[in-house]
Structures are given as C-alpha cells and as structure tokens.
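Here's a quick tour of a protein model for you to follow on screen. Take a look at it, then read on.

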Amino acid sequence: MGMATYTDDFSQVRKEFSCLREYFKILKSGYFSSEDYFREISMGMSGDYKIALEDGSTMVRIGSLLFGERGKKQLT
C-alpha cells in the first residue's frame with residue numbers, strides 16, 4: 001500500500017504516485033515477471049484516489065468516503 005504525502009498539492013501527490021508506479025514496474029520486470037500474483041499496485045486513499053487511479057493503481061482505500069471521517073478518540 002503506497003500513500004502519498006497528506007497535502008493539497010496534487011502535483012506533489014501525482015509525482016509520488018508516479019514514482020511508486022515506476023518502482024512497481026522495476027520490481028515486476030526484475031523479480032516477479034513470471035509471477036501472476038504480483039499484479040496489484042495499491043496506492044491512494046479517499047482524498048487522492050482519482051489521481052492514484054490515473055497513475056495506475058489497481059486498489060485504493062476509500063473508507064472515509066464510505067464511512068465518514070474518524071472522530072477523535074477520548075483518552076480516559
């Protein structure tokens with residue numbers, strides 16, 4: 001699971017996802033080229049999943065979009 005920097009600078013987020021995609025390609029071609037199980041690239045969360053999908057993500061985490069933001073937990 002790759003996550004980008006938590007920022008509103010979407011050009012930075014895109015750069016980071018692009019870099020993750022390149023690492024994935026290097027690993028796939030260099031070490032896992034004959035392995036069918038090495039096919040998913042998980043990156044992106046609720047705030048940036050659209051960019052992640054544009055950059056090749058095959059799996060995203062969108063819990064906040066589905067269930068809402070987490071509340072702050074009170075310490076007792």
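A residue counts as exposed when its relative accessible area is over 50%, as buried when it is under 20%, and as partly exposed in between. Keep in mind that this is a predicted model. With that cut-off in hand, Tyr37 is an easy call: its relative accessibility is 56%, so it counts as exposed.

**The big picture**

- You'll find three helices here and zero strands.
- Going along the sequence, the pattern reads α-α-α.
- The radius of gyration is 15 Å, well over the 11 Å that the globule rule gives for 76 residues, so the protein is more spread out than a compact globule.
- Along the principal axes, the C-alpha atoms fill a box of roughly 50 × 30 × 20 Å.
- Of the 76 residues, 22% are buried.
- The accessible surface adds up to about 6,200 Å², and carbon and sulfur atoms own 55% of that.
- If you take the contacts with a separation of 6 or more, 33% of them come from residues 24 or more positions apart.

**Helix α1 and its two sides**

- Helix α1 covers residues 10-31, which makes 22 residues.
- From its first C-alpha to its last, α1 reaches 31 Å, close to the 32 Å expected at 1.5 Å a residue.
- Which residues of α1 are buried? They are Val13, Glu16, Phe17 and Phe24.
- Those four cover an arc of only 95 degrees around the axis, so they sit on the same side of α1.
- What do the buried residues of α1 pack against? The answer is α2, residues 49-54.
- Over on the other side of α1, Lys15, Ile26, Ser29 and Gly30 are exposed.

**The aromatic rings**

- How many aromatic pairs are there? The count comes to three.
- One of them is Phe32 with Tyr37, an edge-to-face pair with 6.3 Å from centre to centre and 70 degrees between the planes.
- Phe32 also pairs with Phe38, and this pair is stacked: 4.2 Å centre to centre, with 5 degrees between the planes.
- Ring pairs tie Phe24, Phe32, Tyr37 and Phe38 together into a cluster.
- Now bring back the exposure cut-offs: Phe32 has 23% relative accessibility, so it counts as partly exposed.
- Phe38 has a relative accessible area of 17%, so this residue is buried.
- Phe24 links two parts of the story, since this residue is one of the buried ones in α1 and also belongs to the ring cluster.

Terms used. Residues numbered from 1 in each chain as written. Predicted model: local features only at pLDDT ≥ 70, side-chain atom pairs only at ≥ 80, totals over all residues. Heavy atoms only, no water. Phe/Tyr/Trp six-rings, centres within 6.5 Å; stacked < 30°, edge-to-face > 60°. Buried < 20%, exposed > 50% of the residue type's maximum accessible area, 1.4 Å probe, protein only. Expected span 1.5 Å × (residues − 1). Arc of directions from axis to C-beta. Contact = heavy atoms within 4.5 Å. Rg over C-alpha atoms; globule rule 2.2 N^0.38 Å. Areas by Shrake-Rupley, 256 points an atom, 1.4 Å probe, with all protein chains shown as cover.
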